[in-house]
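Trainee: Could you choose one part of this protein and take me through it closely? I am new to it, so please explain the terms as you go.

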Amino acid sequence: MPTHKNDAHQHTPRKHPSIGELTHRNIEAILCLEEGNRRSKPMLYRVVARMSRFCGTVAFLWWNLGFFALWIGVNQWVWKVDPYPFTFLLFLVSIEAIVLAIMILISQNMSDEENERRHHLDLQINLLNEREMTALLRLVTRMAEKMELPPDSHDEVKALAQRTDPSKVLHQIVAAEAAHKGD
């Protein structure tokens, strides 16, 4: 039986989640959000996305090459439905190209929307991290002052403890980019 109140806490170690467990939770949360977003899309968009993924595979390339070879072979030697110069085959290939181009554009738009959401999520998390770090730096500065550490040892921390204005940083980036383009 523990003799002091604090002894009970010393005998039952508190288990903290590992980095792997924390990152796994974060990854799962993001994947669930993205899956929910995909499921909220209309069925036609989901079909287009699935077809676009398939059309970007080597299997689709082989399927097309096989179909074209079969079409040409059948029309040359077996049944001349579309003789050389294979006008109907050219028509089918043109239709396929138009449909594929539109599907690719739709998929790119959906991908751009998802990337934009990820970008906004990253930005919000970074802004929250900046505010947390600013608060911690202010606390560390106060602790250093209480401990009467020499001011030059925490001057940089004081400077970093100031709130960052994202619009000013953005203007700095734009100005720097403009200066580099002029070179």
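Mentor: What follows is a close look at helix H5 and its surroundings.

First, a word on the model: it is predicted, so local features need pLDDT of at least 70 and side-chain atom pairs count only at pLDDT 80 or more, while totals for chains, interfaces and linings use all residues. Residues are numbered from 1 along each chain as its sequence is written, and side-chain values use heavy atoms, with hydrogens and water left out.

Helix H5 covers residues 87–146. Helices here are DSSP runs (H or I, at least four residues; strands are E, at least two), numbered from the N terminus.

Let us start just before it, in the loop between H4 and H5, where Pro85 lies. The peptide bond from Tyr84 to Pro85 is cis, with omega near 15 degrees. Phe86 is found in that loop too, and it has a positive phi of about 55 degrees although it is not a glycine. Phe86 is buried, at 10% relative accessible area; buried means under 20%, exposed over 50%, and partly exposed in between, with a 1.4 Å probe and protein chains only.

Now step onto the helix. Ile102, a residue of H5, belongs to a nonpolar surface patch with Phe88, Phe91, Ile95, Ile98 and Val99. Together these residues have about 550 Å² of accessible area, a value from the Shrake-Rupley method with a 1.4 Å probe, counting only the protein chains shown as cover for residues. Patch members have over 30% relative accessible area and no salt bridge; nonpolar side chains (Val, Leu, Ile, Met, Phe, Trp, Tyr) are joined within 5 Å, and like charges within 9 Å. Ile102 qualifies as partly exposed because its relative accessibility is 46%.

Further along, salt bridges tie H5 to another helix; such a bridge is a side-chain nitrogen of Lys or Arg within 4 Å of a carboxyl oxygen of Asp or Glu. Glu114 meets Arg38 in one of them, at 3.6 Å from N to O. This pair joins distant parts of the chain, with Glu114 in helix H5 and Arg38 in helix H2, 76 residues apart. Glu114 is buried at 18% relative accessibility, whereas Arg38 is partly exposed at 34%.

Glu34 forms a salt bridge with Arg118, with the closest N and O atoms 2.6 Å apart. Here again distant parts are linked: Glu34 is in H2 and Arg118 in H5, 84 residues apart. Glu34 is buried, at 11%, while Arg118 is partly exposed, at 37%. These four residues, along with Glu35 and Arg39, are linked in a network of salt bridges.

Helix H4 is also a neighbour: its buried residues, Phe60, Asn64, Trp71, Gly73 and Asn75, pack against helix H3 (43–55) and H5.

Beyond the network, Thr134 also sits in H5 and is buried, with a relative accessible area of 4%. Leaving aside residues up to four places away in sequence, Thr134 touches Leu160, Ala161, Gln162 and Arg163, where contact means heavy atoms within 4.5 Å.

Finally, past the end of the helix, Glu148 lies in the loop between H5 and helix H6 (155–160). Its phi is near 55 degrees, a positive value in a residue other than glycine, and Glu148 is exposed, at 70% relative accessible area.
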